[in-house]
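The following exercises concern the structure shown below. Please attempt each task before reading its solution.

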Amino acid sequence: MTPEVFSIDLTVDRDVVSEVLRAILHTILFYRVFGNIKPREVDLLDITYSAIDDPEIEKVVEDKVEQFIHNLEHHGNQKGQIAVMFHEKRTKKAWFTKSEEEICWEQWAVTLTTLICRTERDKLRVRKDMDKQLYSCLFNIIRFVNDKKDHIPPITTPDANPFPYQIVIPATNDSWGSILKRMLTESSQPI
C-alpha cells in the first residue's frame, strides 16, 4: 500500500514559527484522529482553527514544536521540515504465529521557510503574506481531508484512536525522500 502524501510549504516570520506550526499540526490531527474528541477553537493572527482539547495530543504537539524550533535555532537553518504519518494496525499471519504490523496510509510533509524581518515595514508585509498563506494552507488541509477519503482504511477496532500517528522531524541532512523511506521501513513506536 502506497500512502497518500500531502505537501505543505510556507514562508513564515521567524517570530511566529511556533504558532504557525502548532496551527498546522493541530489542524491535521483534528481532521485525522478518529474517535471521540473534544474540539476547541484557537485564534492566530486573523484566523480561527480547530484543535483537539486533549492533554496528551497537546503535549505531543508542544514537544515537536519545541524540537522544531530547537533545530532551527541550533543549526542556523532558515528552513525546517516535519512530517505527520497515520498508520493502520494489521494482523500479519505466519504459519503458527500472529504479529501486528503498522502500515502507513497517509503522510503530511510540512516545510517551513523562515524569514527574519529587520524593519517594522518588512514585518507588516511578511505578516500580511503569511496570513494569506496560512489561511490557504489550513483551507487546503480541510479540502484534502474532505476530498481524499478513498485511501483511509476501514475502522476495524473499537479503540479510542484506531489509527496511531507519528510526528517526525528529520535530521538536518535528510531529504524528504530519505526520511519518509526510513519512517516506512523502520519499526518505530507511533503514538
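**Exercise 1.** Determine which side chain meets Glu 58 in a salt bridge, and where the two partners lie.

*Solution.* In this predicted model, the side chain of Glu 58 meets that of Arg 40 in a salt bridge, with 2.5 Å from N to O. The criterion is a distance within 4 Å between a side-chain nitrogen of Lys or Arg and a carboxyl oxygen of Asp or Glu, so the pair qualifies. Next, locate the partners: Glu 58 belongs to helix α2 and Arg 40 to strand β2. They are 18 residues apart, and the pair links distant parts of the chain. Finally, classify their accessibility. Glu 58 has a relative accessible area of 23% and is partly exposed; Arg 40, at 27%, also counts as partly exposed.

**Exercise 2.** Identify the salt-bridge partners of Lys 38 and Arg 22, and place each pair in the chain.

*Solution.* Begin with the general principle: side chains of opposite charge can pair when their charged atoms come close. Lys 38 forms a salt bridge with Asp 53, and their closest N and O atoms are 3.6 Å apart. Lys 38 lies in the loop between α1 and β2, and Asp 53 in the loop between β3 and α2, 15 residues apart. To classify Lys 38, note that exposed means over 50% relative accessible area; its value is 54%, so Lys 38 is exposed. Asp 53, at 35%, counts as partly exposed.

Turn now to Arg 22. Its side chain meets that of Glu 62 in a salt bridge of 2.5 Å, N to O. This pair links helix α1, which holds Arg 22, to helix α2, which holds Glu 62, across 40 residues. By the rule applied, the count of salt bridges comes to eight.

**Exercise 3.** Describe the span of helix α2, and establish how its buried residues are arranged around the axis.

*Solution.* First, consider the span. Helix α2 has 21 residues and reaches 30 Å from its first C-alpha to its last, close to the 30 Å expected at 1.5 Å a residue.

Second, list the buried positions: Ile 57, Val 60, Val 61, Lys 64, Val 65, Phe 68, Ile 69, Asn 71 and Leu 72. Seen down the axis of α2, these buried residues fall within an arc of 160°, so they line one face of the helix. The spacing follows a general rule: an α-helix has 3.6 residues a turn, so residues three or four places apart point the same way.

Third, examine the other side of α2, where Pro 55, Glu 56, Lys 59, Glu 66, Glu 73 and His 74 are exposed. The cover over the buried residues of α2 includes α1, β3, β4, β5 and β6.

Fourth, inspect the N-terminal end of α2. Asp 54 caps it, with a side-chain oxygen 2.9 Å from the backbone nitrogen of Glu 56.

**Exercise 4.** Which residues touch the most other members of the largest nonpolar core, and which helix gives the most to it?

*Solution.* This core contains 46 residues, of which Ile 24 and Trp 108 touch the most other members. Helix α1 gives the most to the core, with nine residues. Leaving out residues up to four places away in sequence, Ile 24 touches Ile 8, Leu 10, Val 110, Leu 112, Leu 134, Cys 137, Leu 138 and Ile 141.

Conventions
Residues are numbered from 1 along each chain as its sequence is written. This is a predicted model: local features need pLDDT of at least 70, side-chain atom pairs count only at pLDDT 80 or more; totals for chains, interfaces and linings use all residues. Side-chain values use heavy atoms; hydrogens and water are left out. A nonpolar core is a set of buried Ala, Val, Leu, Ile, Met, Phe, Trp, Tyr and Cys residues joined through side-chain atoms within 4.5 Å. Buried means under 20% relative accessible area, exposed over 50%, partly exposed in between (1.4 Å probe, protein chains only). Helices (H or I, at least four residues) and strands (E, at least two) are DSSP runs, numbered from the N terminus. Contact means heavy atoms within 4.5 Å. The expected span of a helix is 1.5 Å times one less than its number of residues. The arc is that of the directions from the helix axis to the C-beta atoms. A polar contact is a pair of N or O atoms within 3.5 Å; within protein, one must be able to donate a hydrogen and the other to accept it, and residues adjacent in sequence count only if both atoms are side-chain atoms.
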